[in-house]
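Reader: Could you take me on a close look at one glycine and the part of the fold around it? I'd be glad if you then followed the chain outward from there, in one connected account.

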Amino acid sequence: MIKVITYGTYDLLHYGHIRLLERAKALGDYLIVGITSDDYDKTRGKINNQQTLMERIAAVEATGLADEIVVEEYDGQKIDDIRRFGVDIFTVGDDWVGYFDYLKEYCKVVYLPRTEGISSSQVRSEKQKLRIGLVGSAVFRTKFINETKVVNGVDVVGICASEKGTEPEVQDIFHTTDYDELLTKVDAVYIISKPEKHYIDVKKALLAGKHVLCESPIAFSREETKELYDLAERKGLILMDAIKTAYSTAYARLVLLSKTGRIGKVVSVDSVCTSLRDGISIAGADLSNKWNSMCGWSPVALLPVLQILGTNYKEKRYCTKFLNKKENIDAFTKIDFIYGDCVASIKVGKGVKAEGELIIAGTKGYIYVPAPWWKTDYFEIRYENPENNRRFFYQLDGEGIRYEIVVFAKSIAQKKNGSYVSTDISETIAEVIGDFNKRVNLVEI
Ligand code: C2G
């Protein structure tokens, strides 16, 4: 019996894939099809799969051409599989010609002509491109524009800001100062205006029937945030709170790990986020366009606290060092949270520098994430006995922004909000910032 093996993603299975499988099957008597896992595809830069692994497997199964299906999860697995199954022929489309010659040491390698005129990217982009407009001019808009370029099916088509800006990334993009005009030209907006404008900017976009991705916080109170989510739901629109860290695989995995008992019962979460690059503490700095430490950092710093310990804290207390109290600019704020049987603290600062680490302490051990934890690809579980320590690494591209854009686009396409930041967490972030603005339980230092 001649055993043949072939691999692929098989996203939105099309005629080109089926022809490849038919010819692969005809090369022998038994066909094994390797289908890439989502994580493996991420590591090789394929982040746009529209279908889940299970859907892709079901589609290949339905062709009736595969005698056996395996999931491809890591580099080098092809060698393992060929040995394990006693494969005689490895085959793949000739878009890979030469690439898999290293497998000739283990079996015969056949490159089959690729079917011209069809591809998954084409099928994906035939569905209309998502036109995104940017609202506001915060510094991270260029990062966002660059990240949309690696996501299929989305395009930044316009910017609404008081000035166009000088960054090369924005030069070819339509610019207006009129928000209504921008809204007529886009399907969705990414809002990075000053935080005090978020509520009104989000509401206007939703009322105009546009989907919204808004830098956190979405508003300055739980009630306003809830009102916006309700409005989005009533209008069948997607509203997402943009916190890129939520989309970092290492971060998402450590949150899950903290819930498995590996470090025992979680007793404390301490998260620190600071940066001085904004220059808000420099004497005479123009503060008009700057985000304070609370708005700039607390949504990220709060994320692990709220995702691990929940949103039902009993008490919270702020300690703040103001730079300019009238403008509500804090150089540094520390917040202590007391839950029933655990505690948390966050430190945020744009005028104070500290080690940006995250520590989740449990009764058996702790999770340690080195600085800058909010864009990490690495963390450790540490125990009393260092021999038991474990290290975890997950690739992170684009600081999580590109995965966030993929989730936003997918949510719109599937009409189902897949945000990694739940509405409850989004509302609680707004409440924590709102209470700071109202100086509830705040001590000045
Ligand atoms: N294919 C084809 N004609 C097309 C499109 C794809 O013959 N018009 C072939 C590809 O060459 C590949 C298979 O169909 O052999 C699956 O294609 P993809 O799903 O795009 O998978 P790919 O990224 O090529 O993964 O480990 C994974 C493999 O390296 C191939």
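**Around Gly28**

Author: Happily! Once neighbours within four places in sequence are set aside, Gly28 is in contact with Ile2 and Val4. Please keep in mind that this is a predicted model. Gly28 itself sits in the loop that links α1 to β2. Compare it with Gln50, which is 22 residues away along the chain: the two C-alpha atoms are 31 Å apart.

From this loop we can step into the sheet. Strand β2 covers residues 30–36, and six bridges tie it to β1, with the two strands running parallel. One pair to look for is Tyr7, which stands opposite Gly34 of β2. Helix α3, residues 53–62, packs on this sheet and touches both β2 and β3. The direction of α3 makes about 160° with that of β2.

Now for the sheet as a whole. It is open, has five strands in the order β3-β2-β1-β4-β5, and is paired in the parallel sense. The edges are taken by β3 (68–72) and β5 (108–112); each has a single partner strand, so one side of each has no neighbour in the sheet. Ignoring direction, neighbouring strands are turned against each other by 25° on average.

On the other side of α1 from Gly28's loop lies the loop between β1 and α1, and Leu12 is found there. Leu12 is worth a pause: it is not a glycine, yet its phi is positive, at about 50°. As a rule, most residues other than glycine have a negative phi.

The elements on either side of Leu12's loop also take us to the ligand. At least two residues of the shell around the ligand come from each of β1 (3–8), α1 (15–26) and β4 (89–93). The largest share, three residues, is supplied by α1. There are 21 residues around the ligand, and those that come nearest are Lys46, Glu72, Lys78, Asp95 and Ile118. By type, the shell holds seven nonpolar, eight polar and six charged residues.

Some of the polar contacts are easy to find by eye. Thr9 brings a polar backbone atom to 3.0 Å from an oxygen atom of the ligand. Asp95 uses its side chain instead, with a polar atom 2.7 Å from a ligand oxygen. Thr115 places a backbone N or O atom 2.8 Å from a nitrogen atom of the ligand. Of the 620 Å² that the ligand exposes when taken alone, the protein buries 96%.

Farther along the chain, a second sheet makes a nice companion. This open sheet has six strands in the order β8-β7-β6-β9-β10-β11, again with parallel pairing. Its edge strands are β8 (174–176) and β11 (239–242), each pairing on one side only. From one strand to the next, the twist averages 25°. Within it, β6 (130–135) and β7 (154–160) are joined in parallel by six bridges. Here Gly133 has Gly158 as its bridge partner in β7. Helix α6, residues 141–148, packs on this sheet, touching β6, β7, β9 (188–191) and β10, and its direction makes about 155° with that of β7.

One last stop follows β10. In the loop between β10 (211–215) and α9 (222–234) you will find Pro217, joined to Ser216 by a cis peptide bond with omega of about 0°.

Definitions and conventions: Residues are numbered from 1 along each chain as its sequence is written. This is a predicted model: local features need pLDDT of at least 70, side-chain atom pairs count only at pLDDT 80 or more; totals for chains, interfaces and linings use all residues. Side-chain values use heavy atoms; hydrogens and water are left out. A residue is near a molecule or strand if one of its heavy atoms lies within 4 Å of it. A polar contact is a pair of N or O atoms within 3.5 Å; within protein, one must be able to donate a hydrogen and the other to accept it, and residues adjacent in sequence count only if both atoms are side-chain atoms. Accessible areas come from the Shrake-Rupley method with a 1.4 Å probe; for residues, only the protein chains shown count as cover. Helices (H or I, at least four residues) and strands (E, at least two) are DSSP runs, numbered from the N terminus. Ala, Val, Leu, Ile, Met, Phe, Trp, Tyr, Cys and Pro count as nonpolar, Asp, Glu, Lys and Arg as charged, and the others, Gly among them, as polar. Two strands pair if DSSP finds at least two bridges between them. Axes are lines fitted to C-alpha atoms, for helices over the stretch in contact, and angles run from 0 to 180 degrees between N-to-C directions. Contact means heavy atoms within 4.5 Å.
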